[in-house]
Amino acid sequence: MVRSMLFIPGNNPAMLQNADVFGADAVIIDLEDAVSIQEKDAARILVKAYLESIDHPPMKIYIRINGLDTTDYEKDLQSVVTDQIDGIVLPKAKVCDVERLLTLLYKIESETHMQKIIGIIPIVESAKSVLEIEKLAALSRIQGMLLGAEDLSADMELTRTITGTEIEYPRARMAFACKAYKIDAIDTPFTDTSDNLGLIADCQKAQNLGLNAKAAIHPNQLETIHDVFSPSLQRIEWAKRVLKAAKKADDQGLGVFSLDGKMIDKPIIERATKIMESAKRYRLLPVENA
Amino acid sequence: MLTGIAGTLESNDAMITVTPADKLTIEVKSVVDAFYHDQIVKVIKDTLFDSKIANISVMCQDKGALDYTIRARLLTAISRMEEQNG
Amino acid sequence: MPDTERGFISATNYQSQERILIPEKAVVDKPVFLGSIKAIFDQYHITDGMTLSFHHHLRNGDQVLNQVCREIQIRGIKNLTIAPSSIFPNNAIIAELIEAGNITNIRTNYINGPAAIPIDQGKLKGLLLMDTHGGRARAIESGDLKIDVAILACPAVDYDGNGSGTEGLSACGTLGYAQSDLRYAAKVILITDTLVNRVKQIDFDGKYVDAIVKIDSIGDPEGIVSGTTKITKDPVGLKIARDAAAFLYQAGVIKPGFSMQTGAGGTSLAVAYQVRKMMIQNQIHGSFASGGTNGYYADMLKEGWIDQIYDVQCFDLDAVKSYRDNPRHLAISASKYGNPFEKDPIVNQLSFVALGATEIDLDFNVNVTTDSLGRLIGGSGGHADTAHGAAVTIITTTLAKARLPIIKERVTAITTPGEDVDVLVTERGIAINPRRTDLIDKMKNSQLTIMTIDELMAISHQLSGIPQAIKKPGKVTGLIVYRDGTILDQLYQRL
């Protein structure tokens, strides 16, 4: 599970070579909206060369290819589908598009004898996609879903607002589907990179509806996104105590036990375990200063 | 003469211009000339060799691009040049 | 004659040396009022071979040094030594004087811009001597640097000759770098554009002042104090700053009563910002901040997060105002700041200092004097002073700049010896000087990416490729003088 996915413009060497340093849990190298039509070829070749140069990066790597309604997507896939990446982010995704993509991925993977099975993250950014959310989540290889609120509100002919009422429904629907299929629910990017308070509020809204991650369009948004979507220190402390008590109960042969007057059973222990795993993965375990 | 150009003059990028020629000529102007001139020329030569291209004039204006960026920009410039030449 | 015979022994060698003090200059009853800069030359018979000194508190807006240079040119005076505490891009006229032989020797703590070019070209007939801020004070008080005439810009002067840095058209704040010149030069002239009956705060004691000259403008306020210095927005710089602060916290440096100094640039300010975040999060108050100061520190003082500021120069208007209005914002002389022979210089009281580097080598020697081609781009300033005095010295830098790795096998010029440099923080990892077994031990359970400096250099070579060696330099054009007067390194003709 991730907390953040950072968009990196595919035609920008300075950003690419620092992609592993910004601290995002995952990067989405963008061949679509961040690249002008005249530079699609340059971006594709640069990203291919970049992928060939890296070795065990600390973050997951996704590529946003051009949509299946363009003439670029096939060349995109030929260039980037390698063992170096974790998945493809598919714009304007509908079920039929994902199914087509699955066929293409399978073909490239077998032709090039790849070790990896490349995942897919569909972007929900049209009215039709919203109606297909559960079907999308159920498809093979889906690792998460990304909400694209700008294009979605355009499709819906709604105005984007800071309060985000117009996207509450797709946010919530996506959250439920992703939770049911145990995949990442990634919130739409917050477009005002100078408004940190607005970013915090937007993250909290998404979190309150059940999403577990947010896309970032600038590295400086990552600290705030991680603050909101990481388990808090209190939560981690609680999880530690639960697991400690669980071990004690286990040693004593007890199945169910209580902590702070509350009954602790298997689902709660699982939740605590997940929190500790996140804490370890994101290096959140508090280090004592000397 | 139909040229191919790729890349920008932004930091860590290289702008590469290629034109068909009678023989191989490589010209490099880099902000880190004293330190990476030979390496940049080598990357250009190796890329041309791998692409089986010999008769080409390459002009590289480098702003501190890493090897793979130079290779990518050169390949793009060549591809654009070839597209123009039909 | 500067002590060019003694090579650098160690950063602590001064501890076994005696402090040398020449007598202070003659006290003056009443200063003479002169009508122009021209008049100074006539009154004090400025001739070939003399040593003239200046301070750099007006930074890139200074007009005084330039006007004096113009007058030297007009009169055709030759073989002068100039000793400005720093030289900036707007002092380009110095290049002309070097080429024409008016100036044959320069002694300064920092040089950047066109004035450096003829020196790199080997056209300075004598030598460029580069001191640290603390070392320049030592050089003056010991007679190493004998000043014939100190020409000191001063924002406001009164009729008793007292000078102030906080009043006047070109208020620039504290005047720390000029205090030794004021006391030990044979003759002291104040140049001002604002004469008042009585200055409110005395930064220059009038008893040392021989003459006062009022001109229309001593400098351009835009170039003197740069509005407000802003924290960098560069994400890589911010990451480095975050990691530097985290390191300091985990190493136990940020604890109640700690003291700090960071440089003036965007990344250094980001370090200060991150440290302040830690202070707020953990409710830790500091004792003082020092250095060149800016509005950021003025705010920390106002909000009570630190008790005092020890200020040797102001970088922006907010710092000037704070120095003027806040009784806990104190001025210090360059000597009190970093002279190794002072009893307890401020730098020795620092819990940490965060500094930059153009190069650092496997022995942790740092270069901030030249670029990797050996061309002059700066100088120690307070770098070597604070690095020695501070309990923990952190260097923050990206691993490479425009592809070129910052970590070298050997720096092109040594500004600060590695024995005083403790930690290197880059965006790809942190290296601790092996001498600091205490820090290595404290950080052994840290989740920060800590490795040897050799490993960090290997990473930069993997990414950038190994840089070619540059061609061998030409003749010696200057010397890097350590704080104690010994010669740390040489500068060479590169163009």
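Two strands are said to pair if DSSP finds at least two bridges between them. This tour of a predicted model begins with such a pair.

**First stop: strand 4 of chain B**

Please select residues 14-20 and 56-62 of chain B, which are strand 2 and strand 4 of that chain. These strands pair in the antiparallel sense, over seven bridges. Within the pair, B:T17 stands opposite B:M59 of strand 4. Next, add residues 25-30 of chain B, which form strand 3. Strand 3 and strand 4 of chain B run parallel and are joined by six bridges; here B:I26 has B:V58 as its bridge partner.

Now display the side chains of strand 4. Which residues of this strand point to one face and are buried? They are B:I56, B:V58, B:C60 and B:D62. The side chains of B:S57, B:M59 and B:Q61 point to the other face, and these residues are not buried.

**Second stop: strand 16 of chain C**

Please move to chain C, where the mean pLDDT is 95 and 98% of the residues reach 70 or more. Select residues 352-355, which are strand 16. Both faces of this strand are covered: C:F352 and C:A354 are buried on one side, and C:V353 and C:L355 are buried on the other.

Add residues 259-262 of chain C, which are strand 12; three bridges join this strand to strand 16, and the two run parallel. One residue to label is C:Q261, whose bridge partner in strand 16 is C:V353. Then add residues 392-396, strand 19 of chain C, which is parallel to strand 16 and joined to it by four bridges. Here C:A354 stands opposite C:I394 of strand 19.

**Third stop: the nonpolar cores**

The largest nonpolar core holds 249 residues, and the members that touch the most others are A:M145, C:I151, C:L152 and C:L248. Helix 8 of chain C, residues 235-250, supplies the largest share of this core, with nine residues. Apart from this core lies another, of seven residues, including A:I236, A:A239, A:V242 and A:A272.

Centre the view on C:L152. Leaving aside residues up to four places away in sequence, C:L152 touches C:H55, C:A178, C:D181, C:L182, C:V188, C:I189, C:L190 and C:I191.

**Fourth stop: chain A**

Colour chain A by its domain assignment, with domain 1 at 4-229 and domain 2 at 233-281. The C-alpha centres of the two domains lie 34 Å apart.

Select A:E150, which is in helix 7 of chain A, residues 149-156. Why does A:E150 count as partly exposed? The reason is that A:E150 has 14 C-beta neighbours inside 10 Å, a count that lies between the limit of 12 or fewer for exposed and that of 20 or more for buried. Select A:T191 as well: this residue is 41 residues from A:E150 along the chain, and their C-alpha atoms are separated by 9.3 Å.

**Last stop: where the chains meet**

The predictor gives the complex an ipTM of 0.97 and a pTM of 0.94. Show chains A and B together; their contact takes eleven residues from chain A and 14 residues from chain B. On the side of chain A, helix 2 gives the most, with eight residues. By class, this side has seven nonpolar, two polar and two charged residues.

Finally, show chains B and C, where 13 residues of chain B are in contact with ten residues of chain C. Helix 1 of chain B, residues 33-50, gives the most to its side, with five residues. That side has six nonpolar, four polar and three charged residues.

Notes. Residues are numbered from 1 along each chain as its sequence is written. Chains are lettered from A and ligands numbered from 1 in the order in which they are written. This is a predicted model: local features need pLDDT of at least 70, side-chain atom pairs count only at pLDDT 80 or more; totals for chains, interfaces and linings use all residues. Domain bounds come from an automatic or database domain assignment. Two residues are in contact if their C-beta atoms, placed from the backbone, lie within 7 Å. Ala, Val, Leu, Ile, Met, Phe, Trp, Tyr, Cys and Pro count as nonpolar, Asp, Glu, Lys and Arg as charged, and the others, Gly among them, as polar. pLDDT is the predictor's confidence in each residue, from 0 to 100. A nonpolar core is a set of buried Ala, Val, Leu, Ile, Met, Phe, Trp, Tyr and Cys residues joined through C-beta atoms within 7 Å.
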